[in-house]
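Hello,

Here is the structure I promised to pass on. Please open it first, then read my notes below.

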Amino acid sequence: MSSIFANAQPLHGLVGGVLIGLAAALMLLGAGRIAGVSGITARATGLAESGMSRSSAWLFLMGLPLGAILAAAAMGTQKASFAPWPVLAIAGLLVGIGTRVGSGCTSGHGVCGVSRLSARSMVATATFMAAGIATVAITTILGAR
């Protein structure tokens, strides 16, 4: 198996996927809203005027790292490595541009849109996945991973 998956933990991924799906379903059923993090971030920061209340948007966003902290506490310390901050900043900027161009992010299109059989979301998700695969391949070839 490739060294890319040397530290893969499929059970953790399965649990995380189930929790993301559950959270998206609860938000759709409880609040009637799509759980798209880019749209929620835009609402929290005042870039978007429609959607949930700003306070609810901030609560949702604060829950994201809180959930990660709780998961790390429950599953034990995980070893993580990150790219240098300039690379992360450029990547974040590209993701932000991509979410604006694609009218949504991986959570909105990939989790909610695909589950609703939205053709637009299926195309967007396929594009996200292709870009992710290309990014990993290029960074691996360049030795950045």
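**What I found**

Ser103 counts as partly exposed, because its relative accessibility is 49% and the exposed class starts over 50%. Keep in mind that this is a predicted model. Ser103 sits in the loop between helix 4 and helix 5. Its phi is positive, about 55 degrees, although Ser103 is not a glycine. The residue follows helix 4.

Helix 4 itself covers residues 85-101. That is 17 residues, reaching 24 Å from first C-alpha to last. The expected reach at 1.5 Å a residue is 24 Å, so the two are close.

**The chain overall**

The protein chain has 145 residues. How many helices and strands does the chain have? There are 6 helices and 0 strands. Along the sequence the pattern reads α-α-α-α-α-α. The C-alpha atoms fill a box of roughly 45 × 35 × 30 Å along the principal axes. Of the residues, 16% count as buried. Take the contacts between residues at least 6 apart in sequence: 38% of them join residues at least 24 apart.

**The core and helix 2**

In soluble globular proteins, nonpolar side chains tend to be buried together. Here the largest nonpolar core has 9 residues. They are Ala24, Met27, Ala35, Ile40, Ala44, Met52, Ala57, Leu61 and Cys112. Helix 1, helix 2 and helix 3 each give two or more residues to this core.

Helix 2 runs over residues 37-44. Which of its residues are buried? Ile40, Ala42, Arg43 and Ala44 are. Their cover includes helix 1 and helix 3. Ala44 is a good place to start looking. Leaving out residues up to four places away in sequence, Ala44 touches Arg54, Ala57, Trp58 and Leu61. Of the core members, Ala57 and Leu61 are thus named again here.

Just after helix 2 comes Gly46, with a positive phi of about 85 degrees. Ser53 lies further on, in the loop between helix 2 and helix 3. Ser53 is partly exposed, because its relative accessible area is 35%, between the 20% and 50% cut-offs. Ser53 and Arg43 are 10 residues apart in sequence. In space, C-alpha to C-alpha, they are 7.7 Å apart.

**Gly32**

Gly32 is in the loop between helix 1 and helix 2. Is Gly32 buried or exposed? Gly32 counts as exposed, because its relative accessibility of 52% is over 50%. Gly32 and Gly13 are 19 residues apart in sequence. Their C-alpha atoms are 27 Å apart.

**The second largest pocket**

Rolling a probe the size of a water molecule over the atoms shows where empty space is left. The second largest pocket holds about 850 Å³ of space. It is lined by 23 residues. Which of them are closest to its centre? Leu19, Ile20, Leu64, Gly67 and Ala68 are. Helix 1 (10-31), helix 3 (54-75) and helix 5 (106-115) each give two or more residues to the lining. Helix 1 gives the largest share, 9 residues. By type, the lining has 17 nonpolar residues, 6 polar and no charged.

Helix 1 and helix 3 therefore turn up twice: in the core and in the lining of this pocket.

**Helix 6 and the loop before it**

Leu117 lies in the loop between helix 5 and helix 6. Its phi is near 60 degrees, a positive value in a residue other than glycine. Leu117 is exposed, because its relative accessible area is 66% and the cut-off is over 50%.

Helix 6 covers residues 119-141. It has 23 residues and reaches 33 Å from first C-alpha to last. That is close to the 33 Å expected at 1.5 Å a residue. The buried residues of helix 6 are Ser121, Ala124 and Thr125. Their cover includes helix 5. After helix 6 comes Gly143, with a positive phi near 80 degrees.

**Where to look**

For a short tour, take Ala44 and its contacts, then the pocket residues Leu19, Ile20, Leu64, Gly67 and Ala68. End at Leu117, in the loop between helix 5 and helix 6.

Best wishes

Terms used
Residues numbered from 1 in each chain as written. Predicted model: local features only at pLDDT ≥ 70, side-chain atom pairs only at ≥ 80, totals over all residues. Heavy atoms only, no water. 1 Å grid on protein atoms, 1.4 Å probe; cavity = no way out; pocket = protein on both sides within 12 Å on 5 of 7 lines; lining within 4 Å. Points joined across faces, edges and corners; volume = space filled by probe spheres on them. Helix = DSSP H or I, 4+ residues; strand = E, 2+ residues; numbered from the N terminus. Nonpolar A, V, L, I, M, F, W, Y, C, P; charged D, E, K, R; others polar. Core = buried A, V, L, I, M, F, W, Y, C linked by side-chain atoms within 4.5 Å. Buried < 20%, exposed > 50% of the residue type's maximum accessible area, 1.4 Å probe, protein only. Contact = heavy atoms within 4.5 Å.
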